[in-house]
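Work through the exercises below with the sequence and the model in view. Each task is followed by its solution.

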Amino acid sequence: MAVSQTFPLGPTHEPASALMEPLPCTRSLAEGFLEEELRLNAELSQLQFPEPVGVIYNPVDYAWEPHRNYVTRYCQGPKEVLFLGMNPGPFGMAQTGVPFGEVNVVRDWLGVGGPVLTPPQEHPKRPVLGLECPQSEVSGARFWGFFRTLCGQPQVFFRHCFVHNLCPLLFLAPSGRNLTPAELPAKQREQLLSICDAALCRQVQLLGVRLVVGVGRLAEQRARRALAGLTPEVQVEGLLHPSPRSAQANKGWETAARERLQELGLLPLLTDEGSARPTQ
């Protein structure tokens with residue numbers, strides 16, 4: 001049985017607190033990014049997904065307020081580097097609306113909050129509890145925990161960098177098992193990722209990104225495919241995914257990540273050493 005998307009063309013609510021937030025003069029960049037995400041939502045809402053997909057979550061919709069909080073707070077100017085994940089995890093972005101959004105890091109380090117609504121269709125084994133979710137996402141804890149140690153303050157990280165997912169959708173099997181886009185039927189997978197690829201091109205151009213770091217092989221491969229031939233040229237590199245299902249990551253993801261960022265010449269951008277370097 002095909003699962004039909006039922007996402008609205010805009011957020012399901014427009015909180016007064018978000019409307020009253022004082023925004024910087026570069027507000028249009030964050031607003032433009034959010035508009036691109038809503039455009040992507042509208043395009044994806046036309047797709048249907050047969051088995052093995054049972055339920056689909058879109059946290060850019062039901063977790064709109066914390067997601068918007070994240071974008072408006074940390075996407076205030078052009079970005080040299082985009083760290084690109086593949087799609088939400090059930091205990092990360094699906095709960096908080098933030099990529100790799102492990103609850104404790106989102107609340108205590110990023111300072112992002114806001115009510116999270118219930119998805120239109122919720123799997124009983126994967127309830128959305130928002131920032132009250134008691135389960136930690138290992139990938140998100142590793143990812144943001146590493147940058148918290150490296151950067152000290154979020155502003156140091158976001159001065160030149162941003163984090164985003166290629167696809168905003170979480171796919172669950174009828175059993176509640178998380179399905180990666182790679183596990184979708186080939187036709188639906190290519191329809192989905194082609195739309196997401198086109199959106200990525202627009203988002204990268206909007207932010208002025210010069211380097212995309214795909215977190216995990218699939219995100220890196222899709223970014224290479226999507227951005228090939230883009231003018232001006234955008235460099236694409238890869239970073240080991242911090243997933244606990246990765247034996248290599250379990251041996252010491254933080255060490256591997258630091259070595260990779262050193263190879264890419266990114267460490268100065270992510271410490272106070274890079275504070276005087278302008279975004280180009």
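Buried means under 20% relative accessible area, exposed over 50%, and partly exposed in between (1.4 Å probe, protein chains only). The model is predicted, so local features need pLDDT of at least 70 and side-chain atom pairs count only at pLDDT 80 or more, while totals for chains, interfaces and linings use all residues. Residues are numbered from 1 along each chain as its sequence is written, and side-chain values use heavy atoms, with hydrogens and water left out.

**Exercise 1.** Find which parts of the chain the salt bridge between Glu 43 and Arg 202 links, and classify both residues by burial.

Solution. A salt bridge is a side-chain nitrogen of Lys or Arg within 4 Å of a carboxyl oxygen of Asp or Glu. In this pair the closest N and O atoms are 4.0 Å apart. Glu 43 belongs to helix H2 (residues 27-44) and Arg 202 to helix H9 (residues 186-207), 159 residues apart. Helices are DSSP runs (H or I, at least four residues), numbered from the N terminus. Arg 202 has a relative accessible area of 19% and is therefore buried; Glu 43, at 27%, is partly exposed.

**Exercise 2.** Describe the salt bridge between Glu 190 and Arg 225.

Solution. The N to O distance is 3.3 Å. Glu 190 lies in helix H9 and Arg 225 in helix H10, so the bridge ties together parts 35 residues apart in sequence. Glu 190 is partly exposed at 27%, whereas Arg 225 is exposed at 51%.

**Exercise 3.** Locate the salt bridge between Arg 224 and Glu 220.

Solution. Both residues lie in helix H10, four residues apart, about one turn of the helix. Their closest N and O atoms are 2.9 Å apart. Salt bridges also link the two in a network with Glu 237, Arg 260 and Glu 263.

Definitions and conventions: Helices (H or I, at least four residues) and strands (E, at least two) are DSSP runs, numbered from the N terminus.
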